[in-house]
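Visitor: I'd like to learn how to read a protein model feature by feature. Could you walk me through one?

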Amino acid sequence: MREVIFISFNPVSNKKLYIQIYDQILSQIELGTFKIGDKLPSERELCANFGVSRAPVRQALSALEMNGIIYSRQGEGVFVKNTKITTGTSQSSSLLENVSPEDIVEARMTIEPLIVKLAAMRATAEDIADLRKTIDMMEEETKQGIYVPETDEKLHKGIAKASHNDLFITFMADISNAMKKQEMWQFIRDRTVTRPDYREVNFKEHKMLIEAIENHDDKKAVEVMTSHMKNLFDRYWKV
C-alpha cells in the first residue's frame with residue numbers, strides 16, 4: 001500500500017458544502033492523485049483543508065462510499081476502492097440534486113419542537129390513543145431487535161396530526177417525502193440509527209415524547225423533542 005497522501009483542497013463556501021467536497025475529492029481520485037488502496041486524509045485533516053465542520057465532510061464521504069468510490073476500515077481510516085463510479089451504481093444525480101440530509105435535520109430541529117408543543121396542548125383522547133398504539137408497536141419492534149422507519153415516520157406524523165395545525169401536518173408529510181427521496185439519508189440511517197446501541201435509545205426518546213403529550217406537558221414535550229432532534233443530528237453524523 002502506498003504512503004498516505006496529503007493534498008491541499010480548496011476551501012468551500014456554499015450552503016451545499018458536502019456537494020463541493022464530494023466533487024473535489026472525486027476529482028482528485030479520478031485524476032490519479034489518489035489511487036486504489038490509497039488512504040484519504042483523515043476526517044480532521046479534511047475539515048481543516050476545506051474549512052468546514054465534520055458534518056459536510058461526513059456527508060461527502062458517505063456519498064463517495066455509497067457510489068463505491070471509497071470504503072472504510074474501522075479504526076484505520078478511509079481508502080480508495082475505485083477511481084471511477086461503477087456503472088449501474090451511480091446515485092450522483094439524484095443524490096446531489098435532492099434536498100440534503102443536513103437540510104432535513106436542520107428543518108426538523110427548528111420546526112418539530114414547535115409541533116410537539118402544540119400537540120401537548122391540543123391532543124385529544126383519540127390522538128393520544130393513536131400515538132399510544134404506534135409507540136407500543138415501536139416498543140415491540142425494539143424488543144425484536146429491529147428498527148422500522150415507517151413506524152418512526154408514523155409516530156412523527158401522528159404528533160403533527162395532534163397539533164391540529166394543517167400547515168404542520170403538511171410540513172411533516174413533505175419532510176417524510178424528502179427523506180424517502182434522499183438516498184444518502186437512507187444510507188446514513190442504515191449505518192447508524194438501525195444499530196442495536198441506537199435502537200433502544202431511539203425508542204426511549206419517542207416514549208418520553210408520547211408521555212409528555214399524554215400528560216399535556218408542553219414544556220417537557222419541547223425539552224424532549226429538542227433533545228431528540230439534537231441526538232438525531234449527532235447519531236446521523238457519528239461515524
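Guide: We'll go through cores, salt bridges, a pocket, a cavity and a few backbone details. Keep in mind that this is a predicted model.

Visitor: Let's begin with the inside. Which residues have the most contacts inside the largest nonpolar core?

Guide: A nonpolar core is a set of buried nonpolar residues joined through their side chains. Here the largest one has 26 residues, and Val116, Leu131, Ile159 and Ile213 have the most contacts inside it. At least two core residues come from each of these: helix 5 (101-122), helix 6 (125-143), helix 7 (149-163), helix 8 (166-181), helix 10 (196-214) and helix 11 (218-236).

Visitor: What does valine 116 touch?

Guide: Leaving out residues up to four places away in sequence, valine 116 touches Ile159, Leu209, Ile213, Ala221, Val222 and Met225. There is also a second, separate core, with 23 residues; Ile21, Leu40, Cys47 and Ala60 are among them.

Visitor: On to charges. How many salt bridges does the count come to?

Guide: A salt bridge here needs a side-chain nitrogen of Lys or Arg within 4 Å of a carboxyl oxygen of Asp or Glu. The count comes to 10. One of them pairs arginine 54 with glutamate 43, with the closest N and O atoms 3.4 Å apart.

Visitor: Which parts does that pair tie together?

Guide: Arginine 54 belongs to helix 3 (residues 54-66) and glutamate 43 to helix 2 (residues 43-50), so the bridge ties together parts 11 residues apart in sequence. Arg58 comes into the picture too: Glu43, Arg54 and Arg58 are linked in a network of salt bridges.

Visitor: Are the two partners, arginine 54 and glutamate 43, buried or exposed?

Guide: Buried means under 20% relative accessible area. Glutamate 43 has 19%, so that residue counts as buried. Arginine 54 has 43% and is partly exposed.

Visitor: What about a bridge with a longer reach along the chain?

Guide: Try lysine 161 and aspartate 127, whose closest N and O atoms are 3.4 Å apart. The lysine is in helix 7 and the aspartate in helix 6, so this pair ties together parts that are 34 residues apart in sequence. Aspartate 127 is buried at 5% relative accessible area, while lysine 161 is partly exposed at 41%.

Visitor: And where do glutamate 153 and lysine 157 lie?

Guide: Both are in helix 7, four residues apart, which is about one turn of the helix. Their salt bridge has its closest N and O atoms 2.9 Å apart. Glutamate 153 counts as buried at 17% relative accessibility, and lysine 157 as partly exposed at 33%.

Visitor: Now the empty space. What is the volume of the second largest pocket?

Guide: When you read a pocket, look at its volume, then at who lines it. This one has a volume of about 340 Å³. It is lined by 21 residues, and Pro149, Glu153, Met179, Trp185 and Arg189 are the closest to its centre. You've already met Glu153 as the partner of lysine 157 in a salt bridge.

Visitor: Which helix gives the most to that lining?

Guide: Helix 7, with six residues. The elements giving two or more residues are helix 7, helix 8, helix 9 (183-191), helix 10 and helix 11. By class, the lining has eight nonpolar, six polar and seven charged residues.

Visitor: How is a cavity read, and how many of 30 Å³ or more does the structure hold?

Guide: A cavity is space where a probe fits but cannot get out. The structure holds one of 30 Å³ or more. The largest cavity has about 60 Å³ of space. Its lining includes Met138, Tyr147, Asp152, Arg199 and Phe203. Helix 6, helix 7 and helix 10 each supply at least two lining residues, and the classes are five nonpolar, three polar and three charged.

Visitor: Last one: the backbone. What is phi of histidine 164?

Guide: Most residues other than glycine have a negative phi. Phi of histidine 164 is near 55°, a positive value. This histidine sits in the loop between helix 7 and helix 8 and is partly exposed at 44% relative accessibility.

Visitor: And where is histidine 216?

Guide: In the loop between helix 10 and helix 11. Phi of histidine 216 is also positive, near 55°, and at 41% relative accessibility this residue counts as partly exposed.

Technical notes. Residues are numbered from 1 along each chain as its sequence is written. This is a predicted model: local features need pLDDT of at least 70, side-chain atom pairs count only at pLDDT 80 or more; totals for chains, interfaces and linings use all residues. Side-chain values use heavy atoms; hydrogens and water are left out. A nonpolar core is a set of buried Ala, Val, Leu, Ile, Met, Phe, Trp, Tyr and Cys residues joined through side-chain atoms within 4.5 Å. Buried means under 20% relative accessible area, exposed over 50%, partly exposed in between (1.4 Å probe, protein chains only). Contact means heavy atoms within 4.5 Å. On a 1 Å grid over the protein atoms alone, a cavity is a set of points where a 1.4 Å probe fits but cannot get out, and a pocket is an open set with protein on both sides within 12 Å along at least five of seven lines; lining residues have an atom within 4 Å of a point. Grid points are joined across faces, edges and corners, and a volume is the space filled by probe spheres set on the points. Ala, Val, Leu, Ile, Met, Phe, Trp, Tyr, Cys and Pro count as nonpolar, Asp, Glu, Lys and Arg as charged, and the others, Gly among them, as polar.
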